[in-house]
Amino acid sequence: MLISDYTAEATRQNGKFDAEGQNIDVPQDQQWLPPPLPETLLKKRKQNEKAREDRLAAATAARKAQKAKRKVIFKRAETFSKEYLSKEKEEIRLKRAARSANDFYVPAQPKVYFVIRIRGINEIAPKPRKILQLLRLLQINNGVFVKATRATQQMLRLVEPYIAYGEPNLKSVRELVYKRGYGKVDKQRIPLSNNAVIEEALGKYDILSVEDLVHEIITAGPNFKQASNFLWPFKLSNPTGGWRTRKFKHYVQGGDFGDREENINKLIRQMN
């Protein structure tokens with residue numbers, strides 16, 4: 001029986017009226033009292049109230065934490081933007097200084113390569129096949145970020161007829177991650193729809209947002225391996241306008257495979 005039913009029953013039992021319709025007070029010992037509420041109902045009501053209070057407190061704490069985290073992410077993004085801008089200005093200054101001194105400016109060695117598989121599996125030797133598996137390039141038009149070390153450069157030379165690679169710039173890395181970025185979460189291909197996906201997988205490496213991920217990739221930071229492995233191999237389209245006439249010649253001979261250096265960015269624009 002509900003509380004309202006108890007009240008109605010008590011009013012019906014206790015209500016006595018005189019000839020003029022006025023209510024007459026009934027002595028205390030003659031009043032009808034409703035039976036007490038069941039103990040289980042009272043316990044359940046207390047539990048529901050406590051659960052509701054806990055939910056409200058948790059939601060408030062989550063909102064505060066999210067707000068604080070958002071401030072940290074914006075602050076980091078601003079710092080990264082200043083860092084990229086100062087680096088670009090420094091490079092321009094060095095080029096101008098070299099030109100004014102009738103000298104040549106030699107840019108620094110690339111830190112990161114973007115590698116795209118351009119050839120299938122027909123007539124491929126076991127060793128290059130294994131290297132392509134290690135690079136996670138299992139399909140045509142797959143792309144991955146690789147740190148430029150002596151070991152990776154030797155591996156890339158061995159599989160050069162099957163890949164196109166070069167040094168990506170900041171714009172290319174950002175466009176790839178934002179447009180075609182998918183993360184590997186529990187061996188599943190999950191889209192990077194929000195920063196929570198990245199924080200859950202890479203939060204222990206202090207990578208909380210997409211901009212943190214882009215910065216780790218472009219600078220080849222200390223957690224580059226974890227960030228690169230988290231990113232699912234990019235599935236690119238065929239380039240706009242198609243490949244060159246002789247696709248399986250080296251890039252410098254009018255083909256497509258091999259090291260393109262900075263020209264890889266043009267190919268990324270065509271395939272992204």
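**Helix H2 against helix H7, and two glutamates with positive phi**

Helix H2 passes helix H7 in a left-handed crossing. I should say at the outset that this is a predicted model. H2 covers residues 39-100 and H7 covers residues 210-218. The two helices pack at an angle of about 30 degrees, and their axes lie 10 Å apart.

Which residues make the contact? On the H2 side they are Arg-76, Ala-77, Phe-80, Glu-83 and Tyr-84. H7 contributes Glu-211, Asp-212, Val-214, His-215 and Ile-218. Sorted by class, this contact of H2 with H7 comprises five nonpolar residues, four charged residues and one polar residue.

I turn now to the backbone, and to two glutamates.

Glu-123 comes first in my account. Its phi is near 55 degrees, a positive value in a residue that is not glycine. Where does Glu-123 sit? Its place is the loop that runs between strand E3, residues 112-117, and helix H3, residues 126-134. Is Glu-123 buried or exposed? Its relative accessible area is 77%, and because the cut-off for exposed is over 50%, Glu-123 counts as exposed.

The second residue is Glu-261. Here too phi is positive, at about 55 degrees, although the residue is not a glycine. Glu-261 belongs to strand E9, which spans residues 258-261. With a relative accessible area of 54%, Glu-261 is likewise exposed.

To close, I would ask you to keep two items in view on the structure: the left-handed crossing of H2 and H7, and the positive phi values of Glu-123 and Glu-261.

Definitions and conventions
Residues are numbered from 1 along each chain as its sequence is written. This is a predicted model: local features need pLDDT of at least 70, side-chain atom pairs count only at pLDDT 80 or more; totals for chains, interfaces and linings use all residues. Side-chain values use heavy atoms; hydrogens and water are left out. Helices (H or I, at least four residues) and strands (E, at least two) are DSSP runs, numbered from the N terminus. Buried means under 20% relative accessible area, exposed over 50%, partly exposed in between (1.4 Å probe, protein chains only). Axes are lines fitted to C-alpha atoms, for helices over the stretch in contact, and angles run from 0 to 180 degrees between N-to-C directions. A crossing is left-handed if the near helix is turned anticlockwise from the far one by less than a right angle, and right-handed if clockwise. Contact means heavy atoms within 4.5 Å. Ala, Val, Leu, Ile, Met, Phe, Trp, Tyr, Cys and Pro count as nonpolar, Asp, Glu, Lys and Arg as charged, and the others, Gly among them, as polar.
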